[in-house]
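Subject: The structure for you to look at

Hi,

Here is the structure I said I would pass on. Have it open while you read, and click on the residues as they come up.

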Amino acid sequence: MINTMFNRMSDYLDPQNEELLKDFFSEAEQQVDQLEQNLLSLETDPENHEAIDEIFRAAHTLKGGSATVQMTELSEFTHLVEDVFDEIRSEKVSVDENLIDSLLKAIDVIKAMLQARMEGGVYSEDFTELKDALRVYLDSEKQATHGAPGKAVNQQKQKASKKAVQQSAAAETPQPSQSPGQGQSESKLTEYELLELQEEAEEGETIFRVHVELNPDNPMNTVSAIQVFAALKEAGRVLKTNPDFDTLYGENFFPQVEYFVASRLDTEQIEQKGFINEVTDAVTAKPIGESSGAAPEAPEQSTPVEPKAAVPPEESEDEAEGETVEAEPEEEAEPEEKRPTAGEVAKQKKKKNGSSVLRVDSSRIDNLINLVSETVINKATFNQLTNQFSDMLNRLQSADNSMKQGLKEVMDSIPEYIKEIEDGKSIKEVKKELSQLYSRLYSLYDPFQSNLKTTVNKLRSSSQNLGRITGDLQEGVMRIRMVPISHIFSRFPRLLRDLSKDLGKHIRLEIEGEETELDKSVIEDLLDPLIHLVRNSIDHGIESPQERIEAGKQEEGSILLKASNEGNIIIIEIVDDGKGIDVEQVRTKAVDRGLIHKNKALSDIEAFNMIFEPGFSTAKSITNISGRGVGLDVVKKQIEKLNGSVSVWSEHGKGTRITIKLPLTLAIIQGLLVRVGKEIYVIPITSVMDSHRVRPSEIRVLDNYEVFNVRDDVISLLRLNRLFRIDTDESKDYYYVVIVGSGEKKVGLLVDSLIGEEDVVIKPLRDQYTNSPGIAGANILGDGTISLIIDVSQLLDLGLKREKEARERREATIA
């Protein structure tokens, strides 16, 4: 029983517990985001008490959670941050820009601590200056706790001694009987419980009864017992608690708790492990019996221990009220098997499957369960139909045997009837007699035909029902992966604040449509492009306050982040009211970089698209934000990898609008199926611009490229059979050309035939096929055959080059 209890307790708080760590990191990220968002709200409205309460709750939760998984550096620093928020909440400190700056820096440090743990390490940067800046806002008592370890220890000693004196005095005064768990009374163990505990002790271990008095003034006292449990695990194995562990894990405060610990450490070391500043008032440990099986000692009254406090390295030289605390040398514990840290386990798990926690509304799960229930019912219907078809097959075989037997009898009787006709019997009589004898053959298949019609109708109805359920199930599963775009939109207020402050600009951020949902995999890859575009708008788009006033605008600029649905497409817009794109400036820069000829006249659309060229930048100086040659081409490539598109429209002096269009999900796309030889390929429909049927005579050769004209536009052609080395007959009366691409980049794909549009489930390629050029994945068709999905962006880059090289080789062979 003790072993089972120990395993259950370990499952809760084991820092190597992968599920626990997943939950912790997911919760921690949410708490940090909540801290940051509410802090920015507080900067705008210092009297926002709701935001203050939310901030304090988030910091409080984060501190307790990190202590539970033994991330002490995070717990201790968050404790300091929580105290600052507590001062704000109690209106002892007023909110100003310097305080917000310090708290935002603190949030950055917390993020870095979490990231370090997730990557398998511990945050090691020096942030003493930040801690000192935060301590300025605390009162003297809290400053002593966080800034002067000596004083904090003395306060804890005095508190523990005072309590011991009070309890001693109380012991001399007659008192009413105490209820279990109060005072210094120890729980009584039965002989069987003692025996169980002793059997759990390994060689060299001693079973200790650790009596802990918890601080009721701790604002997080409901988890104090769990924090002590986690701390004592560092000293040994916690075999039993009183009250039991499941009770401690609730939300009630227990002033005194007993822990039974199997450990190789001595009494003083265990007491040191169990003592936590501001969480415990006193810790007393004593052995209940040696591991050799000696009889347990009789309970005795003990005085609360005056534990030594661990002194943080950066504060070891601090003095408190003229007293110097000398740290006693720690005794070296016996070496034990090295176990990976919590962060290392998280890192290993992340490398193993790259998964992340996805929070889903329970109603969506309920919907899936209902659909699965309908699927099970539909499955039962198909099982019945299968049995009915089996019965009909048996009936068909029986009717077929009867028909064959009847036909044999007819054939056998023909010679006899011929003889009767020769003897003078009329043919009419013979026909009548034959009809009477074998009329049953006409109706042999009637029951089968009737049953077949009924069963086929049932099959058709069940198939339609299955199609409906499958469609709903597909939509339901996709909705599970859907998360609000607010997950990434919420990061931009902080980005805007920091950059506008650095650049000396006044900018207002407006967000619309943040409830719009998008596939989680798309959202994860969308953050960097959006950050790049918003930074570009802040730096290049919005003018300085002086420039805006001179242009007759408001001193404060605005940037709008907007998301909306349009069918199966998500549209994201970044709109600013800045100076817009100067077409002449773009043209000059393009000529200087050799991108266009100096005599070429650029249209507005061409100028807007020019900003997506690699290395193109109109920044006049290199800063941390722009001018380093990493332009919007990176954004465009990333969006195209997501099967999306990006476009720009601007009006000089009034602002710029950048529009991103993306599919709802990357798991299922709508594709155009085409045939090349015996192979079938899928072209994402978002990349398809047009399709044509052309004669061979309409194809021309221009500078070694095959081209054809479409509405006064010259389109380069690419033969997929040559690119993918597929044997096919090129002497056809007609070819089919599918024009694919985006913006100014487009090419015509020459295929044998068009099959049609279809929803395609993308299956990733593995092993040697992973880096196949021009192929983005695979799909399984309804008949079981595999079709490859074409990566249009790669074809635009490499296809024409290969086509030209192949044609030159053919011409050299002919010559």
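Below is what I found in it, going from the whole chain down to single residues.

One thing to know before you start: this is a predicted model.

**The whole chain**

The chain runs to 815 residues, and 41% of them are buried. You'll be able to pick out 25 helices and 22 strands. Try looking at which parts of the sequence meet in space: taking contacts between residues at least 6 apart in sequence, 72% join residues at least 24 apart. As for the outside, the chain exposes about 45,000 Å², and 48% of that comes from carbon and sulfur atoms.

**Two cores**

The largest nonpolar core has 48 residues. Which of its members touch the most other members? They are F489, L526, L530, I572, I574, I660 and L662. Helix α19, residues 520-541, gives the most to this core, with 8 residues. Another core lies apart from that one; it has 41 residues, including L35, I88, L130 and L134.

F489 is a good place to zoom in. Setting aside residues up to four places away in sequence, F489 touches I511, E512, E514, L530, L561, K562, A563 and I572. Two of the names in that list, L530 and I572, also appear among the core members that touch the most others.

**Helix α19**

Since α19 gives the most to the largest core, have a look along its length. It has 22 residues and reaches 30 Å from its first C-alpha to its last, close to the 32 Å expected at 1.5 Å a residue. Where does α19 have a kink? Go to L526: the kink there is about 40°, and the proline P529 follows shortly after. L526 is also one of the core residues that touch the most other members.

**Helix α4 and what comes after it**

Now try α4, residues 72-89. At 1.5 Å a residue its 18 residues should span 26 Å, and its end C-alpha atoms are 25 Å apart, which agrees. Of those 18 residues, 14 are buried, so α4 is largely enclosed by the rest of the structure.

Just after α4 you reach E91, which takes a positive phi of about 60°. E91 is a residue other than glycine, in case you were wondering about that positive value. E91 sits in the loop between α4 and α5, the latter being residues 97-118. Is E91 buried or exposed? Its relative accessibility is 59%, so it counts as exposed, the cut-off for that being over 50%.

**Two buried polar side chains**

S66 lies in helix α3, residues 49-68. Its relative accessibility is 0%, so S66 counts as buried; the limit is under 20%. What lies by its side chain? A polar atom of the S66 side chain is 2.9 Å from the backbone oxygen of K63, and one is 3.4 Å from the backbone nitrogen of S75. Leaving aside neighbours within four places in sequence, S66 is in contact with F24, M71, L74 and S75.

N378 is the other one, found in helix α14, residues 362-422. With 3% relative accessibility, N378 counts as buried. Its contacts, again without the neighbours within four places in sequence, are S462, N465, L466 and I469.

**The loop between α24 and β18**

This loop runs between α24 (720-723) and β18 (735-742), and D729 lies in it. D729 has 44% relative accessibility, so it counts as partly exposed. D729 and V676 are 53 residues apart in sequence, and their C-alpha atoms are 9.9 Å apart in space.

R725 also has its place in the loop between α24 and β18. R725 has a positive phi of about 55° although it is not a glycine. At 71% relative accessibility, R725 counts as exposed.

**A cis peptide bond**

Last stop: which residues does a cis peptide bond join? They are N242 and P243, with omega at about 5°. P243 is in the loop between β2 (237-242) and α11 (245-248).

Have fun clicking around!

Notes. Residues numbered from 1 in each chain as written. Predicted model: local features only at pLDDT ≥ 70, side-chain atom pairs only at ≥ 80, totals over all residues. Heavy atoms only, no water. Core = buried A, V, L, I, M, F, W, Y, C linked by side-chain atoms within 4.5 Å. Buried < 20%, exposed > 50% of the residue type's maximum accessible area, 1.4 Å probe, protein only. Helix = DSSP H or I, 4+ residues; strand = E, 2+ residues; numbered from the N terminus. Contact = heavy atoms within 4.5 Å. Areas by Shrake-Rupley, 256 points an atom, 1.4 Å probe, with all protein chains shown as cover. Expected span 1.5 Å × (residues − 1). Bend = angle between axes of the 7 residues up to and from the residue. Polar contact = N/O pair within 3.5 Å; in protein donor to acceptor, adjacent residues only side chain to side chain.
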